[in-house]
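Me: Please look at the structure below. I should like to ask how its descriptive terms are justified.
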Amino acid sequence: MSTHQPKAAKGGKWRAPAMFGALAVLFLLEGTVSNSFFSGHWDNALGILRVGLISAILALGVNIQWGYAGLFNTGVVGFLALGGLAPVLVSMPPTLGAFSAGGWGVLFAMVIAMATLVAAVFLHGRLDTKLRGWAVAGVLLLGFIAYRTLFDPAVEAIQAINPSAYGYLGGIGLPVLISWPVGALLAAAAAWVVGKTALGLRSDYLAIATLGIGEIIVAVLRNEEWLARGVLNVNGIPRPWPVPYETNLQQDPGFVARATSFGLDPMTGSTLLVKVLYCLLFVAVLGLLIWAAQLALNSPWGRMMRAIRDNEVAAAAMGKNVTGRHLQIFILGSAVLGLAGAMLISLDGQMTPSGYNPLRYTFLIWVMVIVGGSGNNWGSVLGGLLIWFVWIKAGEWGPTLMGMVSTHLAEGTLKTHLLDSAPHMRLVIMGLILLAVLRFSPRGLLPER
Amino acid sequence: MDILNALVAILNYIIVPATAYGAQLALGALGVTLIYGILRFSNFAHGDTMAFGTGLTILVTWGLQSMGVSFGPLPTALLALPFGIALTAAMVLATDKVVYSYYRKVRAAPIYITMVSVGVMFVMNGLTRVLIGVDEIKFADGARFLISAADFKAATGLTEALAIRGSTAITVITAGLVVWALFWFLAKTRTGKSMRAYADNEDLALLSGIDPNRVVAVTWVIAAALATIAGTLYGLDKSFKAFNYFQLLLPIFAAAIVGGLGNPLGAIAGGFVIAFSEVSITYAWKKVAMYLIPGYEPEGLLQLLSTEYKFAVSFAILIIVLLFKPTGLFKGKSV
């Protein structure tokens, strides 16, 4: 893989390996050394690595949009959440009777909504200016009424089916691995809609439009109970092949024997094995993505993208379709975000829409990309792993430090307030890291070639 | 009678709350639009500046309350507001000195400065949480109602009631005064004129001897004041929760863009357009329909969208304006 590594500004070709080496040392310390800064448990280290790898994929997706094309997407959380819907729709068992009760109604309502939008766009294109506004508004209104008359009873019928356990359509019971590309497709479709409207306008309009789409997608997941049970959460999403369940491992005599031969009790052994398998699976996906991303970046297509990013006017004068290319790259990047979203949900094993916080899932990803080095795929991977590590550990270090500082403080409201607020310090730390990198090292840890 | 009842219901559930909300959005959007017009970037930290300023105001309010100070029928927070504004302005000026001034010097691209504002947003957000926590805080005191529902019913004999809360009236009056003062300042004073000149044409303004540092500093102070006032009024009207203020960023940006970024009058109009659309689209019209059409008993609530989707309304308006009138209803600038 090292053949694709960019030549860095300082430290030459050894810069990237050195950085990744330092990162590995951090994870090693977390796994082995036990003091007030590191836990000394491999369980924790692997747990951080697991989500860190998904963060690296997210950072890669944002880097494709920002680093290759300069598109500022502030709706990462939305594309991630949409991708997370895929494991529910693909891998959960279907709810008995839900589809016959309301599934067709919902589908038909969706078709009506689509048809209405298409008709409105068609009319808008064909009619002359006088009639146009009224005709379009009329079509939209009629379409909306038809949609609601079909949609509302269908949803009610679905949600009436055993609401405490189901009350949603359920999935189609396919393996979780299939849902990952489906998540990418869902996010790509949403990106096409947003890109069609907001690209080609001023650059920060895209930032504001994506901020909106992010909020809306999360709101849909929170409220549409027929789809994924909303805030009631969907639990028990199956694990991806080849990851086993801990309880099954512990009952398997072959595994217990092998764990004991390594000097581990079956309990610890099973959790470690599960985490290692997740990590290997995610590394495989990340490797595939970075291979494809590097290939694309170094192809004529990648050169064209960078040319457009660096000077849109000149690229347009050379006959490049700037808006078209932007749309393409926006869809590609969002697809990667959707893939990561599906992976995250199949890791958690449950869909909890209230957990989609834009600070954590949009802006933290941005910190990863900027710190890693925008435009550099390996930089995004480094930034994703490093910033995730710091984010998790800063949540623990904050209270530890605050505890040390306030040991001599008298017990009272001030001390409790300081201790309670300490975990929030990591937001301040992230902000300061982002500001420092933007100011003093704008090209990041691993600069673009 | 039924028509009167319908009118009162519309007044009570749509016009009064939307006017208050619109005034709050307008103040927020004015801050965004001023920064955009003069400093030339979209400030993603504005929502958290609002939260920060409101948090400080609440702390001062608690301090005043514990000293036994009150403002009669008005909320004590209004007394604390000047302190909140001063502290927020100091914070924002320090941020400009440490962070933004460098990017003006090197003439960084607007999108890059927007990225920088994300860093500031993180810091502000974290500081607010450390300062005052993440829980919901209600800090309104003083008289609760200007017109209470029971009084209104007794006076008019209608079945529908109109209730105007004290915080609603205070919001509208304060917002009116602030907007008047801002427009007077921009139109009549020397500093205000130099700000408009700087927004119109930076190079020409510099040539004619306008001190850019002064313009920038005054802009930040005004933006901090607008953010703190908007945040405090929103908090008095509803409640304070740091995360809600972050989420206000979307309707505020939508208001500023709908009106035309960089155009103060547009920001106010945009604020009310967004607020009225949000409230009327998420309102359940069943009651009004039953008053207006005798003998009609609709099955549903006649609610176009549930309230959880109010952000979708701002977004839809934003997209419609972007598609058909990218410079906004009032002519904004496009950098």
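Reply: The following exchange sets computed values against their definitions.
This is a predicted model, in which local features need pLDDT of at least 70, side-chain atom pairs count only at pLDDT 80 or more, and totals for chains, interfaces and linings use all residues. Residues are numbered from 1 along each chain as its sequence is written, while chains are lettered from A and ligands numbered from 1 in the order in which they are written.

Me: Why does the radius of gyration of chain A agree with that of a compact globule?
Reply: The radius is taken over C-alpha atoms, and the globule rule is 2.2 Å times the number of residues to the power 0.38. For 449 residues the rule gives a value near 22 Å; chain A has 24 Å and therefore agrees. Its C-alpha atoms fill a box of roughly 75 × 60 × 55 Å along the principal axes.

Me: What share of chain A counts as buried?
Reply: A residue is buried if 20 or more other C-beta atoms, placed from the backbone, lie within 10 Å of its own. By that criterion, 44% of the 449 residues of chain A are buried.

Me: How many helices and strands does chain A have?
Reply: Helices are DSSP runs of H or I with at least four residues, and strands are runs of E with at least two. Chain A has 18 helices and zero strands.

Me: Which residues make up the contact of chain A with chain B?
Reply: Two residues are in contact if their C-beta atoms, placed from the backbone, lie within 7 Å. The contact takes 34 residues from chain A and 38 residues from chain B. On the chain B side, α4(B) gives the largest share, 15 residues.

How values were computed. Buried ≥ 20, exposed ≤ 12 C-beta atoms within 10 Å, placed from the backbone.
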